[in-house]
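Student: I am new to this structure and would like a close look at a single part of it. Could you take me slowly through one sheet, beginning with a single pair of residues and widening the view from there?

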Amino acid sequence: KSLFARVPDAPKRPHPIMAFGIICACCGEKREAEDADDMLLMCQMCEDPNAKPQPPDMSVHTIPADTPVVCLEAAKAFAGLTPKEQAYAYHLSRADWEGAKICLMQTSPESVHIFALFQLTFSAQPVADIVAAAKAKGVTDEEAAQALIYAASFYGNLGNYKSFGDTKFVPALPPSRFRVFLSASAADAAKVDALWEKCVVRMYSLPPRQRQMGLGASKGITTYFSANCEEADADVAGRFLDSLNLSAYNTRLFKTAEAAYTVLLASAETSGAESGGDSDAVSALCREHSFEGKTFTIRRGDYAPLMARVCTALGEALPYADNDDQKSMLEQYIVSFGKGSIEAHKQGSRHWIKDKGPAVESYIGFIESYRDPSGARGEWEGFVACVNREVSRKFQALVDGAETMLALFPWPKSFEKDKFLRPDFTALEILAFGSSGVPAGINIPNYDDIRQSEGFKNVSLSNVLAASYGSGDKPGPFIAES
């Protein structure tokens with residue numbers, strides 16, 4: 001429950017602070033709640049009794065027990081930082097991980113409860129101890145391996161859908177055996193049982209709609225939209241937001257009636273100017289609007305407790321910032337996450353671009369839109385990294401010759417940006433990456449108006465490359481053996 005604690009001394013709110021607003025697309029059951037213990041998971045799809053869907057391919061929906069787990073080596077890079085830089089990295093990492101819990105709610109309704117179940121069971125004792133206790137209860141080596149790889153995959157994807165591929169994965173061992181494994185934990189048995197009952201059905205269920213992410217009853221599930229939304233709803237909402245010049249990056253859409261919608265903005269603040277909140281550009285929009293014969297109500301305060309924690313951690317990082325650009329960047333991020341302003345995040349990104357070659361690199365916010373079926377809403381992402389100076393020098397040589405090399409590529413100049421802006425190309429050692437997956441490299445920010453006229457950064461994540469591609473007998477991609 002501490003994950004969803006209210007902001008201290010916050011008054012009773014007229015709307016959910018982290019609403020799920022789940023509406024079953026078939027039976028219309030709906031409910032909103034403020035407390036994690038009172039959240040209603042989407043009901044099972046009311047399957048047509050005459051329909052005979054194809055059984056799922058379990059090789060797609062389970063994780064092999066022998067899947068390797070690799071570690072990111074960052075101790076040496078962190079040890080090379082000064083105490084001030086280490087403190088800066090620590091507080092930024094706290095901000096990343098506080099916000100990363102948002103990914104659970106951006107994945108599936110059940111992910112929150114599965115996360116709480118695993119946090120409870122695995123934090124009560126070392127993993128080796130729960131495995132030994134489970135084996136004493138009759139759990140086999142294979143079942144223990146299947147339970148652990150499911151938990152590891154869940155944590156690695158921050159939810160029960162693959163971050164690359166968007167397909168649901170379920171435990172390979174039967175529910176009864178998984179329950180025996182979890183009951184071997186030293187955690188409070190009653191609490192373990194209560195959480196298990198809340199999530200077990202959706203943890204294992206694979207009706208056609210739940211097998212993959214998608215928008216609409218025939219496509220899949222998504223928590224960026226209520227379950228009764230279709231592509232037409234996303235389209236009209238996109239036009240509405242464009243009419244206000246309001247970005248969809250930090251929003252979710254809930255259809256409350258046939259021609260009525262609620263747009264939720266992620267922010268620590270929960271009220272608009274009309275209800276006594278501070279007056280700002282975002283709060284002025286937090287009201288009811290009419291558009292194309294439909295009613296849209298904009299509310300902020302989505303994920304409010306987590307956004308407040310992010311703001312607190314960023315504020316604690318401020319005293320350790322190395323220069324004015326870092327300070328201004330953090331201040332704008334705090335405004336963005338506090339008030340729900342993407343414009344403030346863009347201002348912070350401008351300062352981030354100007355901060356060339358810092359010892360501690362970071363970026364945070366609602367960044368990539370891959371998992372939104374409509375491609376408009378950003379998933380939470382935050383990373384903190386140390387610069388690998390030796391590899392960065394080699395990348396700088398690549399940047400120095402980039403304009404010459406671009407002219408040699410087999411496509412016309414019209415495919416390039418109007419003006420080549422020299423990027424900051426840096427090799428980083430990841431210290432923290434709070435999101436549903438860890439890429440090998442990043443090219444950000446994603447705001448095209450900034451990228452086109454002001455620049456961007458390319459970052460190569462050296463320890464991710466080393467862990468993912470540099471271990472074992474894996475061949476180097478795109479490189480001839482000779």
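Tutor: Let us begin with one residue and its partner, keeping in mind that this is a predicted model. Glu288 has its bridge partner in β4, and that partner is Thr297. This bridge belongs to the pairing of β3 with β4, a strand that covers residues 294–302, and the two strands run in the antiparallel sense, with four bridges between them. As a general point, the strands of a sheet pair through backbone hydrogen bonds, and they may do so in either a parallel or an antiparallel way.

Widening the view, we come to the sheet itself, which is open and has four strands in the order β1-β2-β4-β3, with pairing that is mixed. Two of these strands lie at the edges, namely β1, made of residues 251–257, and β3, made of residues 288–291, and each of them pairs on one side only. Between neighbouring strands of this sheet there is an average turn of 30°, if direction is ignored.

If you then wish to look beyond the sheet, you might turn to the largest pocket, whose volume is about 1300 Å³. It is lined by 35 residues, and those closest to its centre are Val70, Ala152, Gly156, Asn157 and Val438. Two or more lining residues come from each of α7 (141–157), β7 (424–434) and α17 (462–469), and α7 gives the most, with eight residues. In character, the lining of this pocket divides into 24 nonpolar, nine polar and two charged residues.

Technical notes
Residues are numbered from 1 along each chain as its sequence is written. This is a predicted model: local features need pLDDT of at least 70, side-chain atom pairs count only at pLDDT 80 or more; totals for chains, interfaces and linings use all residues. Side-chain values use heavy atoms; hydrogens and water are left out. Two strands pair if DSSP finds at least two bridges between them. Axes are lines fitted to C-alpha atoms, for helices over the stretch in contact, and angles run from 0 to 180 degrees between N-to-C directions. On a 1 Å grid over the protein atoms alone, a cavity is a set of points where a 1.4 Å probe fits but cannot get out, and a pocket is an open set with protein on both sides within 12 Å along at least five of seven lines; lining residues have an atom within 4 Å of a point. Grid points are joined across faces, edges and corners, and a volume is the space filled by probe spheres set on the points. Ala, Val, Leu, Ile, Met, Phe, Trp, Tyr, Cys and Pro count as nonpolar, Asp, Glu, Lys and Arg as charged, and the others, Gly among them, as polar.
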